[in-house]
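Here is a short tour of strand pairing and charged contacts in one protein model. Keep the sequence and the 3D view open as you read along.

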Amino acid sequence: DFPSFFHKELLATRMSSLTILGVTTALVTLSLLVFVSSAFPFADDGIVRPPAHYQRYRRADYTHLRPYFQWWYFTLKDLESQTYFALTYATSQNSVEHGHGGNEGSYFMLAMVDHSASPAVSRMMKYEKYAVEDLKFSKDYDMDLQVDSASTYKLTVLDDNTYHLYGDMAGGKQHSWKTDAPYDSLRVTWNVTIHRTCGWFGQEDLIGWLELSGL
């Protein structure tokens, strides 16, 4: 049973690697996502271990008269080396009225925090931006962004509890959006399979309210 005011989703990694400057780091421990609220208890209609359907690409669920943003966020922790990583895949789409441009695009982020030299902590963040139409979705939740016919970013749902993430952040200014100096030219790749051991989805009430309100 999940306590009323506490939600945690535990993700264990396996067959995982991340390469920075030619050095491959094995991500062999687990990832922990924790959300705490003292004000809003979970509704009774929450979903334990929600199937992949709840993580689907939801653009078709909402009107194109409004802007749309959706992201997929993963954290990885290598407790042995005290190195933490975060990966995000995101799509930002303008409304039909505003057309293309501005912040519309496909965004990919890698962030790293290294606690091994504590109290000194080193940090790195890289964001890349591509055209919104470059990111293709299939089977409701799989996504693939290709450049020159080669996959650059890929998220594949293997089953309800297992996700595969691939990324090749080549470096350089062409697609760099927000990058901590001096990491513009740093190439980062990852090839990670994440297995979720426990999960909770508690937004059924919110989704129903959004549908009734026409949002």
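Start at the hairpin of strand 5 and strand 6, where 4 residues lie between the two strands and Gln82 takes a positive phi near 60°. This is a predicted model, so please read each value below as computed from predicted atoms.

The hairpin is a good place to follow the pairing. Strand 5, residues 68-78, runs antiparallel to strand 6, and 11 bridges join the two. If you would like a pair to click on, take Gln70, whose bridge partner in strand 6 is Thr91.

Strand 6 also has a neighbour in strand 7, which spans residues 105-114. That pairing is antiparallel too, over 10 bridges. Here you can pick out Ala90, which has Tyr107 in strand 7 as its bridge partner. Strand 6 therefore pairs with strand 5 and with strand 7, given that two strands count as paired when at least two bridges are found between them.

How covered is strand 6? Of the 11 residues in this strand (83-93), 10 are buried, so it is mostly covered, with buried meaning under 20% relative accessible area. As a general point, side chains in a regular strand alternate between the two faces of the sheet.

Now for the charged side chains. How many salt bridges does the structure hold? There are 4 salt bridges in the structure, and the table lists three of them, including two that involve Asp61.

| Salt bridge | N to O distance |
|---|---|
| Arg56 and Asp61 | 3.0 Å |
| Arg58 and Asp61 | 4.0 Å |
| Lys139 and Asp142 | 3.4 Å |

Which residues are linked in a network of salt bridges? Arg56, Arg58 and Asp61 are. Asp61 meets Arg56 and also forms a salt bridge with Arg58.

It is worth colouring these residues by accessibility. Arg56 is buried, with a relative accessible area of 14%, and Arg58 is buried as well, at 11%. Asp61 counts as partly exposed because its relative accessibility is 41%, which lies between the 20% and 50% cut-offs.

The salt bridge of Lys139 and Asp142 joins residues in two accessibility classes. Is Lys139 buried or exposed? Lys139 counts as exposed, at 58% relative accessibility. Asp142, its partner in the salt bridge, counts as buried, at 7%.

Conventions. Residues numbered from 1 in each chain as written. Predicted model: local features only at pLDDT ≥ 70, side-chain atom pairs only at ≥ 80, totals over all residues. Heavy atoms only, no water. Buried < 20%, exposed > 50% of the residue type's maximum accessible area, 1.4 Å probe, protein only.
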